[in-house]
Amino acid sequence: MSEQCDHKCSSCGEQCAERQSEQDLSAPLGKLSTVKKVIAIVSGKGGVGKSLLTGLLASGMAKRGKQTAILDADLTGPSIPKMFGLHGKPTVIEQGLVPMRSKEGIDIVSMNMLLPDASEAVLWRGPILAGVVKQFWSEAIWKDIDVMFIDMPPGTGDIPLTVFQSLPVDGIIVVTSPQDLVAMIVEKAIRMANLMKMPILGLIENLSYFVCPDNGKSYQIFGESRSKAVAEEHGLSLLAALPIDPNLAAACDRGAIGEYPCDALGDVLDRIEKLTPHAKKA
Ligand SMILES: Nc1ncnc2c1ncn2[C@@H]1O[C@H](COP(=O)(O)OP(=O)(O)OP(=O)(O)O)[C@@H](O)[C@H]1O
Ligand SMILES: [Mg+2]
């Protein structure tokens with residue numbers, strides 16, 4: 001043991017007799033909660049449609065009769081409640097926070113629900129934000145949840161790090177768009193997931209093309225896609241491609257994302273249903 005030993009073994013490379021085993025960072029669920037599967041929606045880049053895809057996937061899963069939840073981990077830019085037309089505050093009982101339920105039956109916890117005013121800015125540093133995400137997991141009452149989707153903030157900062165270290169993530173979906181710049185940033189998210197040994201289900205490309213309502217022709221507004229190539233470079237599959245659709249943006253804006261028919265995500269939902277949940281893994 002070195003003379004300057006501070007007993008922080010996780011940040012020390014020395015092999016010595018006093019070495020303590022790695023700290024267990026996993027966050028426990030509350031006593032009343034069960035969550036069978038956890039799917040995180042990530043992207044290195046902001047504004048590519050993570051929240052929208054989280055909303056569409058959760059709605060699709062709820063339509064299949066699964067008890068579905070969304071943990072909105074984007075604490076500084078939460079957009080899930082608005083998408084589902086949820087207003088007001090969740091109730092807090094002795095055993096914890098009761099998530100708000102959307103009309104589709106999706107249990108949702110989001111920072112926006114807890115702020116005195118939804119337009120209030122959250123100006124907290126990373127470690128505090130990370131702690132709140134753990135509290136959402138541990139202190140909300142997630143009752144009999146078959147699939148929980150986690151809407152992540154953009155980037156590879158404290159919150160994604162905490163979610164990957166502390167929550168039993170069964171699969172990650174990486175959202176991308178056809179732009180080259182996005183492809184490069186998405187690679188960072190893939191590398192982060194790989195470094196942390198997180199299972200990646202695959203990529204979904206959003207904003208892939210636009211079908212002109214006047215002539216039915218398809219246009220690649222953001223240029224030719226590199227998503228399939230990027231996915232293949234990393235041994236992943238491109239799970240789905242979603243068009244730019246003004247009706248989809250309008251459905252989000254009026255809090256009716258659950259009404260948008262989204263057949264393009266059927267295969268992704270099948271894959272999620274087939275995943276072996278963490279509870280059943282050795
Ligand atoms: N396929 C689409 N067609 C039309 N509008 C879309 C589509 N995808 C996303 N949008 C719109 O683009 C905006 C950004 O989408 P969204 O909020 O889902 O991105 P995000 O990746 O979650 O962003 P952030 O990184 O800020 O959390 C939203 O207003 C959304 O309605
Ligand atoms: Mg978002």
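This is a guided tour of a predicted model, moving from its ligand to a pocket, a cavity and two loop residues.

Residues are numbered from 1 along each chain as its sequence is written, and chains are lettered from A and ligands numbered from 1 in the order in which they are written. Because the model is predicted, local features need pLDDT of at least 70 and side-chain atom pairs count only at pLDDT 80 or more, while totals for chains, interfaces and linings use all residues; side-chain values use heavy atoms, with hydrogens and water left out.

**Stop 1: ligand 1**

Select ligand 1 and display the residues around it. The shell holds 16 residues, with K50, S51, L52, N206 and P243 the closest; a residue is counted as near if one of its heavy atoms lies within 4 Å of the molecule. By class, the shell contains eight nonpolar, five polar and three charged residues. In this scheme Ala, Val, Leu, Ile, Met, Phe, Trp, Tyr, Cys and Pro are nonpolar, Asp, Glu, Lys and Arg are charged, and the others, Gly among them, are polar.

Next, colour α1 (50–63) and α8 (246–253), each of which supplies at least two residues of this shell. Helices (H or I, at least four residues) and strands (E, at least two) are DSSP runs numbered from the N terminus. The largest share, three residues, comes from α1.

Which atoms of K50 and P243 should be inspected? For K50, choose the polar side-chain atom that lies 2.7 Å from an oxygen atom of ligand 1. For P243, choose the backbone N or O atom, which lies 2.8 Å from a nitrogen atom of the ligand. Then move to V48, where a polar backbone atom is 3.1 Å from a ligand oxygen atom. Taken alone, ligand 1 exposes 640 Å², and the protein buries 75% of that (Shrake-Rupley method, 1.4 Å probe).

**Stop 2: the largest pocket**

Ligand 1 sits in the largest pocket, meaning that more than half of its atoms lie within 2 Å of the pocket's grid points. On a 1 Å grid over the protein atoms alone, a pocket is an open set of points with protein on both sides within 12 Å along at least five of seven lines, a cavity is a set where a 1.4 Å probe fits but cannot get out, and lining residues have an atom within 4 Å of a point.

The pocket encloses about 540 Å³, a volume being the space filled by probe spheres set on points joined across faces, edges and corners. Select S79, K82, M83, C252 and D253, which lie nearest its centre among 30 lining residues. The lining comprises 17 nonpolar, eight polar and five charged residues. Helices α1, α2 (80–83), α3 (111–114) and α8 each supply at least two of them, and α8 gives the most, with five.

**Stop 3: the cavity**

How many cavities of 30 Å³ or more does the structure hold? There is one, with about 50 Å³ of space. To outline it, select V42, S43, M152, P153, G155, T156, P160, F164, A189, M192 and A193. Two or more of these residues come from each of α5 (158–166) and α6 (180–195), with α6 giving the largest share, three. Eight lining residues are nonpolar, three are polar and none is charged.

**Stop 4: two loop residues**

Most residues other than glycine have a negative phi. Select D144, in the loop between α4 (126–139) and β7 (145–151); its phi is positive, near 50°. Finish at K197, in the loop between α6 and β9 (200–205), where phi is positive at about 55°.

Note on methods
Polar contact = N/O pair within 3.5 Å; in protein donor to acceptor, adjacent residues only side chain to side chain.
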